[in-house]
Amino acid sequence: MTVRTHDRASTSAPRDLARPAAPRLLHPPVQVVILAAGMGTRLGRPHPKPLTPLHDGRSILQRQLDVLDAVLGPGVDVTVVVGFEAERVMRAVPQVRFAYNPQFAVTNTSQSLLRGLRSSRDGGVLWFNGDVVFEAGALDQALPALRADESFVCVDTSTVADEEVKYTLDAEGFIAGLSKTVAGGLGEAVGINYVSAADKPVLVEHLAACGAQDYFERGMETAIATEGLRFRPLDISRFPAVEVDFETDLVRANELLAARARLQALTGDMAGDAAATVTA
């Protein structure tokens with residue numbers, strides 16, 4: 001499949017709570033891989049899951065791109081890994097690059113991430129699933145680790161659901177176990193991760209050794225266990241992230257956005273009242 005490159009297009013999307021006043025540009029610009037190849041059968045929509053519309057009018061994928069622009073600036077190098085109805089996704093967001101997973105129907109996220117990382121240039125890569133609804137504040141909190149080129153896994157310590165990917169830590173506080181079946185999970189991995197320039201070749205090797213149906217977390221686990229890769233847990237619990245697998249997840253994501261919008265409106269009203277008082 002042809003890989004297209006375009007300049008990122010600016011948007012007039014609604015402002016997110018905790019969005020930085022201006023993009024925090026990094027040099028070199030951050031590379032991002034978004035995994036959007038899956039069929040999303042559990043959600044039961046007639047289109048790729050990343051194109052699912054949210055109540056604010058944007059698709060999940062478009063909202064992700066807007067958040068990247070807001071936090072990291074328009075110079076971010078974004079590659080979307082496509083598969084199911086690839087051309088439909090490409091038409092929806094023609095401003096990014098694409099990598100194609102032709103075996104999307106019989107492989108899982110380990111193989112889509114493998115293709116995304118192999119298509120990247122030198123340097124670390126931030127990646128996330130194309131069905132995660134998250135706030136700009138989560139990425140803003142990750143900026144120090146991105147600047148330091150330090151591998152990390154974004155985690156939510158407020159919940160440990162059976163269906164979600166959970167994590168444990170080693171004695172030094174780095175990720176030890178990372179899977180849906182790990183025992184004694186300390187929280188959930190939300191699907192937003194970064195691999196440093198030094199760690200990327202090792203992760204690529206372990207993803208290539210994964211089974212077709214393995215999630216990318218399996219490649220991370222084996223790289224941690226056998227090669228000593230170290231992923232730091234980055235707690236973003238203040239900024240909830242929702243991975244939309246089922247209808248209930250979509251409802252929760254929309255409720256989160258609505259609650260944040262109401263809080264923004266309240267904050268704006270309070271600021272306006274304060275300004276009026278000072279003027280008076």
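Ten salt bridges were counted in the predicted model, taking as the criterion a side-chain nitrogen of Lys or Arg within 4 Å of a carboxyl oxygen of Asp or Glu. Three of these pairs and one network are described below.

Asp131 is paired with Lys49, with 2.8 Å between the closest N and O atoms. Asp131 is located in the loop between β4 (125-129) and β5 (132-133), and Lys49 in the loop between β1 (31-36) and α1 (60-72), so this salt bridge ties together parts that are 82 residues apart in sequence. Asp131 has a relative accessible area of 6% and is therefore classed as buried. Lys49, with a relative accessible area of 11%, is likewise buried.

A salt bridge also links Arg97 to Asp77, the closest N and O atoms lying 3.2 Å apart. Here the partners belong to strands: Arg97 to β3 (residues 97-100) and Asp77 to β2 (residues 77-82), so the pair connects parts that are 20 residues apart in sequence. Arg97 and Asp77 are both buried.

Glu150 and Arg232 form a further salt bridge through their side chains, at an N to O distance of 2.8 Å. Because Glu150 lies in the loop between α4 (136-147) and β6 (152-156) and Arg232 in strand β10 (residues 232-235), the contact ties together parts that are 82 residues apart in sequence. Glu150 is partly exposed, at a relative accessible area of 26%, and Arg232 is also partly exposed, at 35%. In addition, Asp56, Arg58, Arg63 and Asp66 are joined into one network by salt bridges that share partners.

Terms used. Residues numbered from 1 in each chain as written. Predicted model: local features only at pLDDT ≥ 70, side-chain atom pairs only at ≥ 80, totals over all residues. Heavy atoms only, no water. Helix = DSSP H or I, 4+ residues; strand = E, 2+ residues; numbered from the N terminus. Buried < 20%, exposed > 50% of the residue type's maximum accessible area, 1.4 Å probe, protein only.
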